[in-house]
Amino acid sequence: MIAKQRTGQKKYTLRKFIGDIHLWLGIASGLILFIVCLTGTIYTFKDEITRFLNREVYHVVPKAGQQLIPVDQLIAQISRETKSRVTAVTIPNNPQEAWTFATQPVKIKKELAKKPRQDRKEGKSGEGKAGGHGRNRGTNYLVNPYTGEIQGTTQHASSQFFLIMMQAHRWLLIEGGVGKMIVGVATLIFLILEISGLVLWAPAKWKQMKKWKMWKSGFTIKTSNWKRFNHDLHNTLGFYSFILLTIMALTGLCWSFEWYRDGVSNVMGAKVFGGRNEKFPGSELKGQNRRSLEIADYIALANAQLSYKGDVRISLPADEAASAVVYKNKTGFFAPAATDKVVIDQYSGELIKVDRFGDKPLNERIVASIKPLHLGDIYGTFSKILYFIGCLIATSLPVTGTIIWINKLKKKSKKTSAKRNLGQPVEFKARVRDMRIEIEE
């Protein structure tokens, strides 16, 4: 009987193999995934937290009967006071929010114009390479549109904090592309952990899958004891967040690997992040000594095409040949992250292009939504809340998983000790029996 117990060992099944893969990949990537998920959780409500902590900069209180100052007058004032060129204006739908004026020193503007386009694309003038964060992006001023007062800029302690969170999330604060690669590999491992975790979550045998009671435990969290509670936190919450976390991982890889980004572009038939370097047709009336339209005219022309209420951003013509571009998106708790744009001839007001997000083919809409799908603002505050909860769960998974592993090690150690204690009397009796046999012989 003892001999049978000693020789009888459990088979190394496919499920056991998947469990080992899940365990060791989780241990190898746990710390990195914890950092990436934690910083992603913090970053989810970046805008809301920044506005709350810097209310005096972002918030305005119009007095009774106070009128908005014409935007062209504000642009002239900002340019004069900051000795820079205004490149874009953001006008929020909320009348109690400050307007944002993006500016760039004239000297830097000229230097950027002289640089080869490839340099600008790679991040020497803004973004692209890991570790770069826009040395020459200029300054964004928050202005009270009722008084013309410059209330501050977007550079403050909270923005610096969230910049660090973003850098830790994307490349672990490790410059030179190494950190970005580490995060990318950890994200790939995370996808494997998700798939293997889903297999382990399901009942072990096919016959068990036909019974609801075998599935029921995977949907509930029991609090009978600490170990069971921790196991269910890992197992059940991991299942509930599976879809959201998969979307985050698949979209996040677009920032980590160029080959992945190009692959997604080829499969979808639309270039990922292609809108960053989008070129718009210029005006045919350049060089005719004509005066550009006022900003209010651009806004009126765009609103005639996009009649809904929302935030408006006007990108001003960079030179006499360029066009004005008006971007508009809806606001609200369930507002989709879908930006419409209208390209306008700066002299004649002719509509060169009206680009409505809803009119785009499905593949282009999906590709254009990769960033909001990753950040969580794909459906406004509603989806942000869901993503925040999902990120919290993702942050907890390495912790609860490690605790499960430690508990198993302790359990295994106790079993080994018990076997040794039980085995000692048996071995002693066997030795005595052998000695008796030798004496009798």
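The exercises below work through a predicted model, each with a stepwise solution.

Local features need pLDDT of at least 70, side-chain atom pairs count only at pLDDT 80 or more, and totals for chains, interfaces and linings use all residues. Residues are numbered from 1 along each chain as its sequence is written, and side-chain values use heavy atoms, with hydrogens and water left out.

**Exercise 1. Check the annotated spans against the secondary structure.**

Task: Find the residues that the UniProt annotation "transmembrane region" covers, and describe the chain over 21–45 and 181–204.

Solution.
- Step 1. The unreviewed UniProt entry places "transmembrane region" at residues 21–45, 181–204, 237–260 and 385–406. UniProt positions follow the numbering used here, feature names are shortened, and annotations may be inferred rather than shown by experiment.
- Step 2. Residues 21–45 are 92% helix and 0% strand, with end C-alpha atoms 34 Å apart. Helices (H or I, at least four residues) and strands (E, at least two) are DSSP runs, numbered from the N terminus.
- Step 3. Residues 181–204 are 88% helix and 0% strand, and their end C-alpha atoms lie 35 Å apart.

**Exercise 2. Test the length of helix 9 and describe its surroundings.**

Task: Compare the expected and actual span of helix 9, then list its buried residues and what covers them.

Solution.
- Step 1. Helix 9 has 24 residues; at 1.5 Å a residue they should span 34 Å. The expected span is 1.5 Å times one less than the number of residues. The end C-alpha atoms are 34 Å apart, so the values agree.
- Step 2. Buried residues (under 20% relative accessible area; exposed is over 50%, partly exposed in between; 1.4 Å probe, protein chains only) of helix 9 include Gly179, Val183, Thr187, Phe190 and Glu194.
- Step 3. An α-helix has 3.6 residues a turn, so residues three or four places apart point the same way.
- Step 4. The cover over the buried residues includes helix 2 (14–43), helix 8, helix 11 (212–216), helix 12 (226–240) and helix 13 (242–256).
- Step 5. Take Thr187, in helix 9. Its relative accessibility is 13%, so Thr187 counts as buried. Beyond its neighbours within four places in sequence, Thr187 is in contact (heavy atoms within 4.5 Å) with Ala249 and Leu253.

**Exercise 3. Characterise the packing of helix 8 on helix 9.**

Task: Give the crossing angle of helix 8 and helix 9 and the residues that meet.

Solution.
- Step 1. The axes of helix 8 (residues 157–171) and helix 9 (residues 178–201) come within 6 Å and cross at roughly 65°. Axes are lines fitted to C-alpha atoms, for helices over the stretch in contact; angles run from 0 to 180 degrees between N-to-C directions.
- Step 2. From helix 8 come His169, Arg170 and Trp171; they meet Gly179, Lys180 and Val183 of helix 9.
- Step 3. These contact residues divide into 2 nonpolar, 2 polar and 2 charged. Ala, Val, Leu, Ile, Met, Phe, Trp, Tyr, Cys and Pro count as nonpolar, Asp, Glu, Lys and Arg as charged, the others, Gly among them, as polar.
- Step 4. Leu173 sits in the loop between helix 8 and helix 9. Phi of Leu173 is near 65°, a positive value in a residue other than glycine. Most residues other than glycine have a negative phi. Leu173 is partly exposed, at 45% relative accessible area.

**Exercise 4. Lay out the sheet.**

Task: Which strands stand at the edges of the sheet, and how do the side chains of strand 5 point?

Solution.
- Step 1. The open sheet has 8 strands in the order 4-3-2-1-5-6-7-8, with antiparallel pairing. Two strands pair if DSSP finds at least two bridges between them.
- Step 2. Strand 4 (150–153) and strand 8 (351–355) are the edges; each has a single partner strand, so one side of each lacks a neighbour in the sheet.
- Step 3. Strand 5 (residues 311–315) joins strand 6 (residues 324–329) through 5 bridges. Arg313 has Tyr327 as its bridge partner, and Ile314 stands opposite Val326.
- Step 4. Strand 1 and strand 5 pair antiparallel over 4 bridges. Ala88 stands opposite Ser315.
- Step 5. In strand 5, Val312 and Ile314 point to one face and are buried; Asp311, Arg313 and Ser315 point to the other and are not.
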